[in-house]
Amino acid sequence: MRRVVSGLFISLDGVVQAPNEWQFEFDEEMGASLADTLETADTILLGGNTFTEWAGYWPTVTSGEDAGFAKWINESPKYVVSATLDSVDDWANSTLIKGDLATAVNELKAGEGKDITVAGSPTLVRSLLEMNLVDELVLLIHPVVAGEGRNKLFAEDATLRKLRLVSARPTSSGVIIATYHPAH
């Protein structure tokens, strides 16, 4: 059975929105962690906002340091979860999930292939966690306080959810890469 794996940049105060505004450095260890995703996943889940932002950018990247990721994400099957989008035809290999999210994700998990990664999409990650559909959560915890006015991974009224720490390692820039599995 395939796994759903999510990796997110997160600040000490739980902010996951717009890491480009508060992420101070991207080090070699963080790059290696993300490269692992490319090697172990062949399917991508995206929320509607992330899809809309990325669909206008990644298909245009053909060279430079991001070319490898662009090739991977452009060629991989992408499943988009959105209540507002009517079509995802403007980015190759994209399918709009219609109907029940849990059913769709469980069907993907039951299929053939490598892991299913959730790219960005913190609102989708939150929903998947609430439905117990995330098998591994990798948090790249930055030693910054991003501050008010940005979305956090968990809402103030989130229900109690226990996770089991599988590994944690600091990087050269002070980011901690923490990997969690659901505690059942």
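This text walks through a predicted model, starting with its sheet and ending with a few individual residues.

The sheet is open and has 8 strands, in the order β4-β3-β2-β5-β1-β6-β8-β7, with mixed pairing. The two edge positions are taken by β4 (94–97) and β7 (163–170); each has a single partner strand, so one side of each is left without a neighbour in the sheet. From one strand to the next, the twist averages 25 degrees. Helix α5 packs on this sheet, where it touches β1, β2 (41–47), β3 (78–81), β5 (115–119) and β6. The direction of α5 makes about 105 degrees with that of β2.

Strand β6 can be followed in some detail. In the strand order it stands between β1 and β8. With β1 it runs parallel, and 7 bridges join the two. One position to look at is Val 5, whose bridge partner in β6 is Glu 136. On the other flank, β6 (residues 136–142) pairs with β8 (residues 176–182) in the antiparallel sense, over 5 bridges. Here Leu 139 has Ala 178 of β8 as its bridge partner, and Leu 140 stands opposite Ile 177 in β8.

How many of the residues of β6 are buried? The count is 7 of 7, and the strand is described as mostly covered. The side chains divide between two directions: Glu 136, Val 138, Leu 140 and His 142 point one way, while Leu 137, Leu 139 and Ile 141 point the other way. Both sets are buried. Glu 136 therefore appears in two roles, as a buried residue of β6 and as the bridge partner of Val 5, where buried means under 20% relative accessible area.

Two charged residues are worth a separate look. Arg 126 sits in helix α5 (residues 122–130), the helix that packs on the sheet. Arg 126 is buried yet has no salt bridge. Which side chain of opposite charge is nearest to Arg 126? It is Glu 130, at 5.4 Å; a salt bridge would need the side-chain nitrogen within 4 Å of a carboxyl oxygen, so this pair does not count as one. Beyond its neighbours within four places in sequence, Arg 126 is in contact with Lys 152, Leu 153, Phe 154 and Ala 155.

Asp 27 lies in the loop between β1 (4–11) and α1 (28–40). Asp 27 is also buried without a salt bridge, and its nearest side chain of opposite charge, Arg 169, is 8.6 Å away. What does the side chain of Asp 27 reach through polar atoms? One partner is the side chain of Thr 171, in a polar contact of 2.5 Å. In addition, a polar atom of the Asp 27 side chain lies 3.1 Å from the backbone nitrogen of Glu 29. With neighbours within four places in sequence set aside, Asp 27 is in contact with Thr 171, Ser 172 and Ser 173.

Asn 74 is an uncharged case, located in helix α3 (residues 67–75). Is Asn 74 buried or exposed? Its relative accessibility is 16%, so Asn 74 counts as buried. Its side chain makes a polar contact of 2.8 Å with the side chain of Trp 91, and a polar atom of the same side chain lies 3.0 Å from the backbone oxygen of Trp 58. Apart from neighbours within four places in sequence, the residues in contact with Asn 74 are Trp 58, Pro 59, Trp 91, Ala 92 and Asn 93. Thr 60 is 14 residues from Asn 74 along the chain, and the C-alpha atoms of the two are separated by 9.7 Å.

Asn 93, one of those contacts, leads to a point about the backbone. Most residues other than glycine have a negative phi. Asn 93 has a positive phi of about 65 degrees although it is not a glycine. Asn 93 is found in the loop between β3 and β4 and is partly exposed, with a relative accessible area of 43%. Ala 18 also has a positive phi, of about 50 degrees, and is not a glycine. Ala 18 lies in the loop between β1 and α1, the loop that also holds Asp 27. At a relative accessible area of 21%, Ala 18 is partly exposed, whereas Asp 27 is buried.

Terms used: Residues are numbered from 1 along each chain as its sequence is written. This is a predicted model: local features need pLDDT of at least 70, side-chain atom pairs count only at pLDDT 80 or more; totals for chains, interfaces and linings use all residues. Side-chain values use heavy atoms; hydrogens and water are left out. Helices (H or I, at least four residues) and strands (E, at least two) are DSSP runs, numbered from the N terminus. Buried means under 20% relative accessible area, exposed over 50%, partly exposed in between (1.4 Å probe, protein chains only). Lys and Arg count as positive and Asp and Glu as negative; His and the chain ends are not counted. Contact means heavy atoms within 4.5 Å. A polar contact is a pair of N or O atoms within 3.5 Å; within protein, one must be able to donate a hydrogen and the other to accept it, and residues adjacent in sequence count only if both atoms are side-chain atoms. Two strands pair if DSSP finds at least two bridges between them. Axes are lines fitted to C-alpha atoms, for helices over the stretch in contact, and angles run from 0 to 180 degrees between N-to-C directions.
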